[in-house]
Amino acid sequence: MKADVVLAGVGGQGVLTVARLLAEAATVDGFHVVQGELHGMSQRGGAVQAHFRLSDQPIESPQVPRGRADLLVGFEPVEALRNIAWLAPGGRIVTAIRPIANVPDYPPIEKVLEALRQFPETILIDAHALAVAAGSVRAENLVVAGAAFSLLPLTRGKLRGIVQKRAERWTAAERDAAIKALAAGRAAIGGAPPVHG
Amino acid sequence: MTNTAPETTTPAAELMLGDDAVAYGALHAGISNAYAYPGTPSTEIFTRLVREAQAHQVTAHWCANEKSAYEGAIGASLAGRRAIVTMKHVGLNVAADPFVNSALLGLGGGLVLAVADDPGMHSSQNEQDSRCLADFARVPCFEPATAQEAYDMTREAFALSERFQVPVVVRLVTRLCHERARVQTRAAEPQKPLQKAGPRQDWVLLPANAKRLWSQLLAEQPAMRQASESSPHNVLREGAGRLGVLTTGVGRRYLGEVLPEMAQAPPHLHVATYPLPAARVRAFAGQLDSVLVLEDGYPYVERLLPGIVPARCKVLGRESGALPASGELTVVNVRAALGLPALRLHEQAALELPARPPRLCDGCVHRDSYGAMLQVMQEIGVATITGDIGCYTLGALPPYQAIDSCVCMGASIGMAKGASDAGLRPAIAVIGDSTFLHSGIQPLVDAIAHDTDMTVLILDNETTAMTGGQPTELPDTRLLPVVLGLGADPAHVHVFAAHPRKVPELAALIRKEIEHRGLSVIVVKRECVQTARQRKTHEG
């Protein structure tokens, strides 16, 4: 049992935070885990990519190899598309659809979503709307986390526990929104079965 | 070289960054002192050390630059105590003087240099390989492949340093620094007592002493090599075929990733310690027709192999063209080097995707500074603007495209002086507050001494922002007295409290000082938006 995940978004979206949450959840579940990221210059509003690998066997490469990701998690639709080469044959895409158009030549969003739909089994999530409904616009990354988590072979509830632990110093409203956001992400997946390679 | 510390009874290995693993390795080796200047991807080693300093009764200080940091560690070793110093690869250029010379000293407490290379140049201006500098200084070097090894080897490095009384290098790369994995830690060793190292003749590098100490260092080389030859971190795995694979550091993991796809596992030697264990390499290569070297960084081992392996044995790697000469090892290029078919990759041809380079934050003070400079450029036409290292280097990109150069820490001021001396005027240097304290003060001394016709803009955001907001060594209120104290003409030294509404005012000030035919210094200040936000979160 293994799952290779590439997470992609824009600096400031909480991509690295979610990669870390997933890694912690998988660790609690007893898997071997390797999670890689970049810090520094790339964080300043630019494209951000993180890798997360879980396996019941020891893991070799620190990065998911190109063409091997079982799951591509997008926090932003253009960034999901940019990382398509990482996706394995039969791999799945789950991505938030709200564009972050902080660049001059951002393509029309309908074209971006259309390009994403070309790949079978792509799941598009309006994470922004779900986060707002959950009570905090800042919980958009946790909606994506909830969705990604439910596509991984991990024990239900583990992620919630980790977020709750992190949220100890948050206000009750923030904590509540975080938990609701995770649940909304999970619900958005519907009954799709977990990925694994 | 074996570590005798007992295993703790807590079995739960913790998920941590490779950088964290180095920090805990040092803490558990009983360091008393730690020094650093931040630099991606090494920064998080020291962030961790600072956080743990109090609990472990360790002095952990950020320093003005890597040279100062390294010298702090030598001083701790003189006191008989263990010390670690951490930096990025180009930081070791700054610290090269104390580093190379410390190899000659009769070190007391173990001195370990953890240096993080950045193959692929994710956050750096070059991909120099610190193994070459360890070799240059004639000192041992460890090259961990995993976070666990980073922990284990950092601990072991202290004992090795004390055994040979030389600094020992732990060479890291970006992928290891910024990888989170489980690490099993062990019980900490006690700190070493305060005991001044001696004798003095082993610490005073007058030529008479230096000649003797250099000869001693050279005489120790065979013993250091022997320690490397017998290290259990260098592992030989038997295999089939006449092509052998020699891996170093994370190279082993890319080979491990593709091994299941190979018809038969090739003979494999993993090298993790330097000086290169030549006898092991020779024994490994004895029956082989060729050796493929998988190493991240320079073709360092590849270049050492001819003369070690039999003459008929071909050496393949980055220099031979079997692997790309630059950039990181990846599963893709390792597959190709091993002759495995390329994987078919998904493509999307429907859309041309916009590039999304890093950018200055909304509300960043540098936006005001560059906005003002562009205004001035529109008025006066051309100028030469030398840049420096930090967030403000992003002023090279659209929409500003304002700077002409970015070379190394502190270079903006010396280069503006040289450009002005040579006739390229107006010359403007742009440097951040932390970079100014790092190595901008000395070239400013030169510019002041000659009252060079140039304008220095010190962009003061009150932090080392690019690496995550480490405190600068002096509070920003000290910048003005430092500049004035060096002897700059107070009539041409200004501190400007920036505000987006005051950009035209800033532009007018810059223009006025450009027109002054001598040295001017303008400190543009406003707190970094990122650290301001963090501070509010903590205070709230």
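**Strands β13 and β14, chain B**

I looked up how β13(B) and β14(B) pair, and found the parallel sense over three bridges. The model is predicted. For one position in this pair I noted the partner: B:Leu292 stands opposite B:Leu316 in β14(B).

I then asked which sheet holds these strands. They belong to an open sheet of five strands in chain B, with the order β9-β11-β10-β13-β14 and mixed pairing. I marked β9 (235-237) and β14 of chain B as the edge strands, since each pairs on one side only. I also took down the turn between neighbouring strands of this sheet, which averages 20° with direction ignored.

**Salt bridge after β13**

I moved on to the loops that follow these strands. B:Asp296 and B:Arg318 meet through their side chains in a salt bridge, with 3.4 Å from N to O. I placed B:Asp296 in the loop between β13 (290-294) and α12 (300-304) of chain B, and B:Arg318 in the loop between β14 (314-316) and α13 (331-337) of chain B. The pair thus links distant parts of the chain, 22 residues apart. Buried or exposed? I found both B:Asp296 and B:Arg318 buried.

**Salt bridge at α6**

Next I looked up B:Glu143. Its side chain forms a salt bridge with that of B:Arg131, at 3.5 Å from N to O. B:Glu143 sits in the loop between β6 (141-142) and α7 (147-164) of chain B, while B:Arg131 belongs to helix α6 (residues 130-137) of chain B, so the contact ties together parts that are 12 residues apart in sequence. I recorded B:Glu143 as buried, and B:Arg131 likewise.

**Salt bridge B:Glu527 to B:Arg535**

I checked a third pair, B:Glu527 and B:Arg535, whose side chains meet in a salt bridge of 2.5 Å, N to O. How accessible are the two partners? B:Glu527 has 22% relative accessibility and therefore counts as partly exposed. B:Arg535 has a relative accessible area of 36%, so I list B:Arg535 as partly exposed too.

**Network and total**

I also followed salt bridges that share partners. One network joins B:Asp117, B:Asp129, B:Arg131, B:Glu143, B:Arg171 and B:Glu295. The pair B:Glu143 and B:Arg131, entered above with a salt bridge of 3.5 Å, is therefore part of this network by the shared-partner listing.

Last, I asked how many salt bridges the whole structure holds. The search over all chains returned 47.

Conventions:
Residues numbered from 1 in each chain as written. Chains lettered and ligands numbered in written order. Predicted model: local features only at pLDDT ≥ 70, side-chain atom pairs only at ≥ 80, totals over all residues. Heavy atoms only, no water. Salt bridge = Lys/Arg side-chain N within 4 Å of Asp/Glu carboxyl O. Helix = DSSP H or I, 4+ residues; strand = E, 2+ residues; numbered from the N terminus. Buried < 20%, exposed > 50% of the residue type's maximum accessible area, 1.4 Å probe, protein only. Pairing = 2+ DSSP bridges. Axes fitted to C-alpha atoms, helices over the stretch in contact; angles between N-to-C directions.
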